[in-house]
Amino acid sequence: MENNLITFGEIMTRFSPSNNLRIGQSMPGNLDITFAGCEASVAVSYSKLGGSSFFVTALPKNDLSHSCIRDLKSHSVNTNHIVFSQEGRLGAYYVEKGSNQRPSKVTYDRSGSAISLLNPDDYPWETILKDKTWLHISGITPALSKRSFDATLLLVKKAKNLGMKISCDLNFRSKLWQWDKKYKPKELARIKMPKILKCVDTLIANEQDAEDVLEIEILNTDFDKGVLNVNVYPKIAKKITNKFPNLSSIAITLRESISANHNRWGAMLFDCNEYTNYFSPLINGEYVPFEIENIVDRLGAGDSFAAGLIFSLNHLKTDNKTALDFAVAASCLAHSIEGDYNISTIGEVNELINGFTSGRVQR
């Protein structure tokens, strides 16, 4: 069986001003338009690296959706399992890219999207999952609506019964998780996400996701100032493992935000069975994060990390350390590419792993 990947989630149109302009400076006027979404980004990156990927979502039947599908196909993503809905719309979001001390800003316009309205049983899951080996989801799709949550939960249960590997990127979004007014967004995520995580093999998160969703406190860390105490992360992973003994590995991305243009980037991978941890990148055995200056676009970096990790584990069949090195390098390169999709090749990722960091022109 081919080592393929299937992802399930929402895809949207992304609107963004050029040249670091703000929305108020660009409208009325011109905006750059692309397609984006967490799970779609993972599928595109996985395919660009050389794997076989399938993307599943629900879309309205109109020209916008057909353009979206053509775009996915141009990146060699299989779209045969996309479901067309009679109701709902293609969601959108607007991005102001930050600069220096001004942070980036995201405004959602995704209420009433087709995937949030479709019933869980409207997807032909048996056909969708047939002959697939790895399923990737995120905490974003369950946050859209009760129907999206139910669909995600049903999907992971079916995939688990088929023996598929399942990964989940927690991806907590405070502007979502609004569908049960009895709870605040963070409270609702803490109630609902554990039901999904009980079926997951590989958990991917950043440090704030672990605190917001899993109620794992991280000491001596200031998310807003980008100050991280990397020594505590193996302890955090052990606490998560105790909560979810079904997990086989936990990956935590480590971002230090010096400014909107300058970040330090790395990650830790924890083996839940062996209770061993790995950091990347390393210099002489010590964790030394990538210094990413003059960031082009940081959105989608976490998705490119997930794709790189899954590709290395599922397609290349590497060990944990090699897989982590590959994922961190792939996501480092994603910061240099406009848009959510990481279109880096396996050769480019390996060059960075092997120390080619100068950016010198290749002829």
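A cavity is a set of grid points where a 1.4 Å probe fits but cannot get out, and its lining residues have an atom within 4 Å of a point. The exercises below concern a predicted model.

**Exercise 1.** Determine how many cavities of 30 Å³ or more the structure holds, and describe the lining of the largest cavity.

*Solution.* A search of the whole structure finds one such cavity. The space in the largest cavity is about 30 Å³. Its lining consists of E10, I11, T57, A58, L59, R89, L90, G91, S113, A114 and I115. Strand 5 (58-60) and helix 4 (114-117) are the elements that give two or more residues to this lining. Sorted by class, the lining has six nonpolar, three polar and two charged residues.

**Exercise 2.** Characterise the packing of helix 10 and helix 11.

*Solution.* Helix 10 spans residues 301-315 and helix 11 residues 320-334. Their axes lie 7 Å apart, at an angle of about 150°. The crossing is right-handed. Helix 10 contributes residues including F305, L309 and F311 to the contact, and helix 11 residues including L324, F326 and V328. By class, this contact has 12 nonpolar, six polar and no charged residues.

**Exercise 3.** Classify the ring pair of F8 and W125, and locate both residues in the chain.

*Solution.* The structure holds 11 aromatic pairs. For F8 and W125, the ring centres are 5.5 Å apart and the planes stand at 80°. Planes over 60 degrees apart count as edge-to-face, so the pair of F8 and W125 is edge-to-face. F8 belongs to strand 1 (residues 5-8) and W125 to helix 5 (residues 125-129). The pair therefore links distant parts of the chain, 117 residues apart.

Note on methods
Residues numbered from 1 in each chain as written. Predicted model: local features only at pLDDT ≥ 70, side-chain atom pairs only at ≥ 80, totals over all residues. Heavy atoms only, no water. Axes fitted to C-alpha atoms, helices over the stretch in contact; angles between N-to-C directions. Helix = DSSP H or I, 4+ residues; strand = E, 2+ residues; numbered from the N terminus. Left-handed = near helix turned anticlockwise from the far one by under 90°. Contact = heavy atoms within 4.5 Å. Nonpolar A, V, L, I, M, F, W, Y, C, P; charged D, E, K, R; others polar. 1 Å grid on protein atoms, 1.4 Å probe; cavity = no way out; pocket = protein on both sides within 12 Å on 5 of 7 lines; lining within 4 Å. Points joined across faces, edges and corners; volume = space filled by probe spheres on them. Phe/Tyr/Trp six-rings, centres within 6.5 Å; stacked < 30°, edge-to-face > 60°.
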